[in-house]
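Please open the model in your viewer and keep the sequence panel beside it, since each stop on this tour begins with a selection and then says what is to be found there.

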Amino acid sequence: MSEAINRRIQVDLSGRTAIVTGASRGIGKAIAMRLAAAGAKVACVARSADKLNETVDAITAAGGEAEVHPCDVSDSEAVTKLVESLAEKWGGIDIVVNNAGITKDTLIPRMSDEDWDAVIATNLRSVFLFTRAASLVMMRKRSGRIINIASVSGLMGNAGQANYSASKAGVIGLTRTVAQELASRKVTVNAICPGFIASEMTQAMGATLDEFVKTRIPAKRLGEAEEVADAVLYLASDSAAYITGEVITIDGGLTP
Ligand code: NDP
């Protein structure tokens, strides 16, 4: 972890329950670890059970509580069953972090139907599915936090990412609308738009990434997954009860 973020915010989430999608690596793993370190019991969701086990082992070793729940986040039946079973077992769900996401980048003339559909299903349909299922549970309890990980790509566009930026712009629209629907029931819904964060997703950019950081990111560095996790922690906390429908960028000044 860098010197820039060695002083962390402190939040007490003991007694709270959370679902984090895409928790097997990268930003989702950092979010799951941060919520668990604050005392929340965390259901870690992704397709790969092996990688999820690594997240849960790390959380347990640090004294936290977490469970492995392999699930394809675009599968309506599986998501609905998962949310219902966790709500029943835990007596409610306090926090949902919709973080799972993929890219399938190419310029629009070459983009296949499959690449369009896969990105929209994983990045946008999944947020709809978890939000729909969790909203019922949270409305009944008159409390809840839904935090959606979008992207600056959804705000400013990015050549080669028509499917991805459309999915993330969709997440932002969904966030703002559901925030209005659920605000009177004390359920907040917010989105975070990371810029370029060190992870497997950005590693795939190779040498073009260094050039991009130097020329386009005013902070002259990549963000760290823990910096996104800290913003999630704040939005999940009681301190953020009056923040809803908000879109927070974490991008080192990339977007104007
Ligand atoms: P990674 O590729 O490192 O991790 C993606 C996670 O999503 C993995 O846990 C993966 O697990 C899971 N996942 C992918 N598809 C599915 C699926 N169908 N069902 C369940 N889980 C799935 O990504 P990052 O950590 O970099 O990104 C996390 C989020 O942040 C994404 O939404 C991304 O769009 C967003 N973001 C990232 C940025 C960055 O710079 N890294 C910038 C802006 C936004 P598995 O493969 O096992 O299913």
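In which segment of the chain does Thr255 lie? Select Thr255 and you will find it in the segment after β7, the strand that covers residues 247-250. Bear in mind throughout that this is a predicted model.

**First stop: Thr255**

With Thr255 still selected, colour by accessibility: its relative accessible area is 15%, and because buried means under 20%, Thr255 counts as buried. Now display the side chain of Asp251, which makes a polar contact of 2.5 Å with the side chain of Thr255. Leaving aside neighbours within four places in sequence, the residues in contact with Thr255 are Val152, Met156 and Thr249. Of these, Val152 is worth a distance label, for it is 103 residues away from Thr255 in sequence, while the two C-alpha atoms are 7.3 Å apart in space.

**Second stop: Asn148 in strand β5**

Move next to strand β5, residues 144-149, and select Asn148 within it. Is Asn148 buried or exposed? It is buried, because its relative accessibility is 0%. To see what surrounds it, show the residues that touch Asn148 from beyond four places in sequence: Asn98, Val127, Val171 and Thr175, together with the run Val189, Asn190, Ala191 and Ile192.

**Third stop: the ligand**

Now select the ligand and show the residues around it. How many residues surround the ligand? There are 29, and the closest of them are Ser24, Arg47, Asn99, Tyr164 and Ser199. Turning to the helices, you can colour α1 (26-37), α6 (162-182) and α7 (200-203), each of which supplies at least two residues of the shell around the ligand.

For the polar atoms, begin with the side chain of Arg25, where a polar atom lies 3.2 Å from an oxygen atom of the ligand. Then display the backbone as well, since a polar backbone atom of Ile27 is 2.8 Å from a ligand oxygen, and a backbone N or O atom of Gly195 lies 3.4 Å from an oxygen atom of the ligand. Taken on its own the ligand has 880 Å² of accessible area, and the protein covers 95% of it. If you add a pocket display, the largest pocket is the space that the ligand takes up.

**Fourth stop: two loops with positive phi**

Select Arg142, which is found in the loop between α4 (113-141) and β5. Its phi is near 55°, a positive value in a residue other than glycine, and at 45% relative accessibility Arg142 counts as partly exposed.

Then go to Lys186, in the loop between α6 and β6 (187-194). Lys186 is not a glycine either, yet it has a positive phi of about 65°. With a relative accessibility of 59%, Lys186 counts as exposed.

**Fifth stop: three helices**

Begin with helix α3, residues 76-90, and select Glu88. Glu88 is exposed, with a relative accessible area of 71%. A distance label from Glu88 to Val137, a residue 49 places away in sequence, should read 9.4 Å between the C-alpha atoms.

Continue to helix α8, residues 207-216, where Ala207 lies. The relative accessible area of Ala207 is 65%, which means that it is exposed. How far apart in space are Ala207 and Ile248, C-alpha to C-alpha? They are 28 Å apart, with their positions 41 residues apart in sequence counted as a separation along the chain.

Finish in helix α9, residues 225-236, by selecting Glu227. At 17% relative accessibility Glu227 counts as buried, and its side chain is joined to that of Arg221 by a polar contact of 2.8 Å. As a last label, connect the C-alpha atoms of Glu227 and Asn158, which are 69 residues apart along the chain and are separated by 22 Å.

Key:
Residues numbered from 1 in each chain as written. Predicted model: local features only at pLDDT ≥ 70, side-chain atom pairs only at ≥ 80, totals over all residues. Heavy atoms only, no water. Helix = DSSP H or I, 4+ residues; strand = E, 2+ residues; numbered from the N terminus. Buried < 20%, exposed > 50% of the residue type's maximum accessible area, 1.4 Å probe, protein only. Contact = heavy atoms within 4.5 Å. Near = heavy atom within 4 Å. Polar contact = N/O pair within 3.5 Å; in protein donor to acceptor, adjacent residues only side chain to side chain. Areas by Shrake-Rupley, 256 points an atom, 1.4 Å probe, with all protein chains shown as cover. 1 Å grid on protein atoms, 1.4 Å probe; cavity = no way out; pocket = protein on both sides within 12 Å on 5 of 7 lines; lining within 4 Å. Sits in = over half its atoms within 2 Å of the grid points.
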